[in-house]
Amino acid sequence: MLAHGSSAWCLNPTFKMKRKLSSIQRPFLLHISGAYHTTLTAGLQTILGIPPLHMQLQFEARFTSIYRLRIPLPPFITDTQPHVLEMKATGWSTHPSEHLKPNQISFEDGEAYIARKDIINIFTDGSKTEHGVGAAFCVLTNDIWAYQWSAKLNDNNTVFQAELTALHEAAYLISSAKPQYL
């Protein structure tokens, strides 16, 4: 039903439209996946193999305009190639959690994480609030705070980008093998 008339209103969706469509899609993704309500919408879309709703509607609008209505697209929409429109997207046939080993993730609800003393523990985080976007990580050795890193990102960055930045910086620290921290 959402795709009805999308060739008239969704050829080039605005940011406000994208956000509204995302809020419509989110509850369905949560119910399909059974994930916690704090799970990022982009993460749910990736895990389930379901594209963002605005992209699917934009695809439908372009397909309808080109093939059914025979309307040439406006010049600002030139990146669509006909052969791309004809390809069918396929997702995962099973949920990734079905392939996890017991030592990769805890399946117990509310189980507290216990840091091991014989290994290095690195914790990463990225967040976005009304005050800005930030990324950080810290290194614990034998339960002692050995190193920390944090950065303020551009306000246009997403939470996902902040999370990836923290992971990237932590991986860089590990790969550089600075002996005083590791």
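**Exercise 1. In what order do the three strands of the open sheet lie, and is the pairing parallel or antiparallel?**

Before we start, a word on the model: this is a predicted model, so local features need pLDDT of at least 70 and side-chain atom pairs count only at pLDDT 80 or more, while totals for chains, interfaces and linings use all residues. Residues are numbered from 1 along each chain as its sequence is written, and side-chain values use heavy atoms, with hydrogens and water left out.

*Solution.*
Step 1. Find the strands, which are DSSP runs of E with at least two residues; helices are runs of H or I with at least four, and both are numbered from the N terminus.
Step 2. Look for pairs, where DSSP must find at least two bridges between two strands. Strand 1 and strand 2 (residues 132-141) are antiparallel over 10 bridges, and strand 2 and strand 3 are antiparallel over nine bridges.
Step 3. Put the pairs together: the order is 1-2-3, and the pairing is antiparallel. Strand 1 (120-129) and strand 3 (144-153) are at the edges with a single partner strand each, so one side of each has no neighbour in the sheet. From one strand to the next, the twist averages 15 degrees. Angles here run from 0 to 180 degrees between N-to-C directions, with axes fitted as lines to C-alpha atoms, for helices over the stretch in contact.

**Exercise 2. Follow strand 2 through its two hairpins, then see how covered the strand is.**

*Solution.*
Step 1. Strand 1 and strand 2 form a hairpin with two residues between them. On strand 2, G132 stands opposite T129, and V133 is the bridge partner of K128.
Step 2. The hairpin of strand 2 and strand 3 also has two residues between the strands, and N142 takes a positive phi near 50 degrees there. Further along this pairing, V139 stands opposite Y147 in strand 3.
Step 3. Of the 10 residues in strand 2, eight are buried. Buried means under 20% relative accessible area, exposed over 50% and partly exposed in between, with a 1.4 Å probe and protein chains only.
Step 4. Helix 6 (residues 159-176) lies across strand 1, strand 2 and strand 3, at about 155 degrees to strand 1.

**Exercise 3. Describe the largest pocket and place T41 in its surroundings.**

*Solution.*
Step 1. A pocket, on a 1 Å grid over the protein atoms alone, is an open set of points with protein on both sides within 12 Å along at least five of seven lines, and its lining residues have an atom within 4 Å of a point. The largest pocket has a volume of about 630 Å³.
Step 2. Its lining holds 20 residues, and F15, S22, T41, A42 and T158 lie nearest the centre. Helix 2 (15-33), helix 3, helix 4 (53-68) and helix 6 each give two or more residues to this lining. Helix 2 gives the most, with eight residues.
Step 3. Now take T41, in helix 3 (residues 41-48). T41 is buried, at a relative accessible area of 15%.
Step 4. Leaving aside residues up to four places away in sequence, T41 touches S22, R26 and L29, where contact means heavy atoms within 4.5 Å.

Key: 1 Å grid on protein atoms, 1.4 Å probe; cavity = no way out; pocket = protein on both sides within 12 Å on 5 of 7 lines; lining within 4 Å. Points joined across faces, edges and corners; volume = space filled by probe spheres on them.
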